[in-house]
Amino acid sequence: MHPTPHTPPVRHADAVPLRLPRSAAEARDAVTRLLTEEFGGLTDETLANVVVADALLVTSEIVTNALRHADGVTGFSARIIGGDLHLVVDDADPRHPVLQEPIPGSVGEGGYGWSLVHRLTARLSVTPHGGGKRIAAVVALA
């Protein structure tokens, strides 16, 4: 679609409309569409790239935490800015995620996603927002 003289051009980062994800899979799909728009067709090989996999893992973990521990996602955005993926996920629970370090030799279900998010992001913040919190994460794509 070409812009008309009265319509400003749409930046790639804004080209993918995002709705509130009802699952981590929906959030990953939205980020995959955004990456495809920004960088062209993503192949299975590209999706296996560590940087892309990291971006999708961070997306999945933050959204899963909102769904599992905070009664759902109340806001969601993903943008490419300066070659980095900027994710924002809002939820209605004001409590901050808890950072747990893996216990050597233990095998359990859950509890370590927030540690992964810390390791895989260039910047990460948790701030109060609308009675809940906003998690903003930046994943370097280069």
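**Note on strand 2 and its sheet**

1. In this predicted model, strand 2 is largely enclosed by the rest of the structure, because seven of its eight residues are buried. Buried here stands for under 20% relative accessible area.

2. The sheet is open and has four strands in the order 1-2-4-3, with antiparallel pairing. Strand 1 (73–81) and strand 3 (123–129) are the edge strands, and each of them pairs on one side only. On average, neighbouring strands of this sheet are turned by 15 degrees against each other, direction ignored.

3. Which strands pair with strand 2? Strand 1 does so in the antiparallel sense, over eight bridges. Strand 4 (residues 132–140) also pairs with strand 2 (residues 84–91) in the antiparallel sense, over eight bridges.

4. Single residues show how these strands line up. V89 of strand 2 has F76 opposite it, and I135 in strand 4 also stands opposite V89. D84 faces A140 in strand 4 as its opposite residue.

5. Strand 1 and strand 2 are joined as a hairpin, with two residues between them. G82 lies in the turn and has a positive phi of about 60 degrees.

6. Two helices should be viewed together with the strands. Helix 1 (residues 24–39) lies across strand 1 and strand 2, and runs at about 20 degrees to strand 1. Helix 3 (residues 50–69) packs on the sheet, where it touches strand 1, strand 2 and strand 4. The direction of helix 3 makes about 5 degrees with that of strand 2.

How values were computed. Residues numbered from 1 in each chain as written. Predicted model: local features only at pLDDT ≥ 70, side-chain atom pairs only at ≥ 80, totals over all residues. Heavy atoms only, no water. Pairing = 2+ DSSP bridges. Axes fitted to C-alpha atoms, helices over the stretch in contact; angles between N-to-C directions. Contact = heavy atoms within 4.5 Å. Buried < 20%, exposed > 50% of the residue type's maximum accessible area, 1.4 Å probe, protein only.
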